[in-house]
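Let's walk through one region of this protein together, moving from a loop to a sheet and then to the helices beside it. Have your viewer ready and follow along.

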Amino acid sequence: MQNLNACPSVAAEAKSMRCHAMRTARVLTHVILGLVFAAGCDSSDQRSPLATYAPAESVGPVRLVGNTAITPRDYLKTIFSRYHAAGSYRDSAQVRLTFTEQGVSKSEIAPLSVWFNHDLVYMRAYDARLWSDRDGLSAWIVDPLTSNFDSQVLRKPAVGRRPDLRTLLADPILVEKIAAGLAGPPPQLEWLFADPPMNDLFRPEHQFEFGEQKPIQQQTCQAIRVQADSSSFVFWIDIRQGLVRQVDLPPLIVPAQADQPAQTMELALELTDATFDAPVTNPQADSLPSKPKFVSRFLPLPPDATTPLLGRALDRWPLEENGKPFRFAFGPPLLRSLDSECITAMICLTGDPTSLAAAALLQQWEMQIPGPIRQRVRVVAIVDDSIRSLPDDAKASLGNAIRLPMVFDTRNKLIQQLGLTPGTLLLIDQHSQIVWTQSTVTEQSLPGLGVIIGDCLDGVDVPKRIAQQTSDDLRAYERAIETEAAKFAKP
């Protein structure tokens with residue numbers, strides 16, 4: 001997703017809500033993994049005549065459903081059994097997030113496809129790629145923002161003709177990459193390679209039932225509606241070919257923020273071009289990085305270089321509070337006379353929901369700071385001049401929600417020149433130097449923020465320590481890459 005616009009607007013708020021939904025979808029990954037990958041429901045007593053669903057024909061070792069009375073549980077179990085017995089399978093699947101922006105329906109998609117034939121497996125899952133055949137397993141990342149994960153290419157020995165799912169996805173970082181995607185790992189891998197497939201799908205406390213029929217990809221499909229605890233799923237089964245054509249995942253509810261109503265976003269796995277037919281050619285795989293660094297395990301990337309903002313002084317920018325010049329030195333005279341450290345926490349606030357949520361969290365956190373420390377910590381919101389031009393009712397609404405002191409960035413120079421995005425947090429010492437930055441504030445980041453402020457108040461040179469730690473981490477990473485390269489060097 002692109003960075004949010006700095007100025008408040010309807011488009012920016014809609015865009016922020018969409019980004020929030022993408023993050024919410026990732027938060028739900030473990031739920032989806034548990035309920036689509038490996039959870040599910042028990043069959044109910046519902047039985048339905050299936051003469052119109054599928055003919056009684058034999059396809060390989062698994063017989064398509066042709067019984068006149070079968071539970072949805074048994075029907076779906078038969079479908080997954082067919083995947084597990086298949087010698088070939090391939091699709092051009094993608095996960096789709098559908099949402100409304102300014103009254104117009106839009107969508108975001110990401111690849112989530114699997115290609116399998118005998119001993120060859122190729123997976124495209126978000127920015128992760130995996131190729132496994134009789135010569136071994138390779139996995140790599142297609143991500144220009146990280147230089148394709150620093151050109152690392154995972155190499156493993158061959159995992160066998162029909163790999164076990166846990167063996168195929170054994171590398172923790174690879175699993176983390178695909179699990180962090182919009183809908184988690186491709187469930188096709190579970191259907192094909194787990195034994196038994198979808199083992200937890202049939203727990204007694206869950207329920208499922210036959211739904212309606214409708215055409216998907218020019219094929220008549222039967223809905224199997226699954227109720228798993230508080231989450232519901234719909235599997236759309238091609239009644240002629242015994243394939244899953246689509247899985248409707250639980251919708252995402254984005255909470256209302258900044259006078260915006262709650263928004264429901266639909267999430268679905270579209271298994272386009274799915275087929276059990278044996279291919280006549282191998283898949284067209286994405287290329288490896290141009291200068292691959294072969295590793296036996298993906299190595300965590302070192303942290304990015306220290307931001308140039310650390311140590312930068314802000315005293316030359318005209319900032320105002322209540323019409324007067326703003327100063328970073330503050331506190332009782334006794335503290336100033338002892339030259340004791342004090343810290344200003346400054347949040348970049350616009351009309352954007354991201355910055356409003358971050359400011360609200362910081363406001364709550366300030367109230368919980370212990371008294372002696374609170375005297376040495378000041379929390380303010382830095383805002384650009386666009387806030388001054390808001391209608392009175394909008395300013396009143398903003399003032400009711402955010403009660404932090406407003407520090408105005410006169411002529412918007414500081415925000416623009418530092419490239420601050422909505423919700424960015426700065427920690428600044430009494431000498432007006434930036435000692436810490438982070439792109440946004442979350443509940444999970446607040447404990448760490450307290451530790452950093454404590455170090456600053458104790459006189460620790462945080463920017464220097466960060467720079468040293470970054471340098472040490474980079475050297476450790478380079479040594480680890482060299483060690484891995486030696487494993488693949490020709491004798």
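Start at Glu 443, which sits in the loop connecting β23 (434–438) to α13 (446–457). Bear in mind as you look that the model is predicted. Is Glu 443 buried or exposed? Its relative accessibility is 56%, and because the cut-off for exposed is over 50%, Glu 443 counts as exposed. From this loop you can already look across to another part of the chain: Trp 365 is 78 residues away from Glu 443 in sequence, yet their C-alpha atoms are 9.1 Å apart in space.

Now step back along the chain from the loop into β23, which belongs to an open sheet of 7 strands. Reading across, the order is β18-β17-β21-β20-β19-β22-β23, with mixed pairing. Which strands stand at the edges? They are β18 (324–325) and β23; each has a single partner strand, so one side of each lacks a neighbour in the sheet.

Move inward to β19, and you can see both senses of pairing around one strand. With β20 (residues 377–384), β19 (residues 343–349) runs parallel, and 7 bridges join the two. Along this pairing, Ile 343 faces Val 377 of β20, and Thr 344 stands opposite Arg 378 in β20. With β22, the pairing of β19 is antiparallel, over 5 bridges; here Met 346 has Leu 426 as its bridge partner.

How many residues of β19 are buried? The count is 7 of 7, and the burial extends to both faces of the strand. On one side you will find Ile 343, Ala 345, Ile 347 and Leu 349, while Thr 344, Met 346 and Cys 348 are on the other.

What lies across β19? Helix α9 (residues 353–367) does, and this helix also lies across β20 and β22 (425–429). The direction of α9 is at about 155° to β19.

Finally, α9 brings us back to α13, the helix that follows our starting loop. The axes of α9 and α13 are 12 Å apart, and the helices pack at about 60°, an angle that therefore makes them oblique to each other. Their crossing is right-handed. At the contact, α9 contributes Leu 361, Leu 362 and Trp 365, which meet Leu 446, Leu 449, Gly 450 and Ile 453 of α13. Sorted by character, the residues of this contact are 6 nonpolar and 1 polar, with no charged ones. Trp 365 is thus a good place to end the tour: besides meeting α13 in this contact, it is the residue we looked across to from Glu 443.

Methods: Residues numbered from 1 in each chain as written. Predicted model: local features only at pLDDT ≥ 70, side-chain atom pairs only at ≥ 80, totals over all residues. Heavy atoms only, no water. Helix = DSSP H or I, 4+ residues; strand = E, 2+ residues; numbered from the N terminus. Buried < 20%, exposed > 50% of the residue type's maximum accessible area, 1.4 Å probe, protein only. Pairing = 2+ DSSP bridges. Contact = heavy atoms within 4.5 Å. Axes fitted to C-alpha atoms, helices over the stretch in contact; angles between N-to-C directions. Parallel < 35°, antiparallel > 145°, perpendicular 65-115°, else oblique. Left-handed = near helix turned anticlockwise from the far one by under 90°. Nonpolar A, V, L, I, M, F, W, Y, C, P; charged D, E, K, R; others polar.
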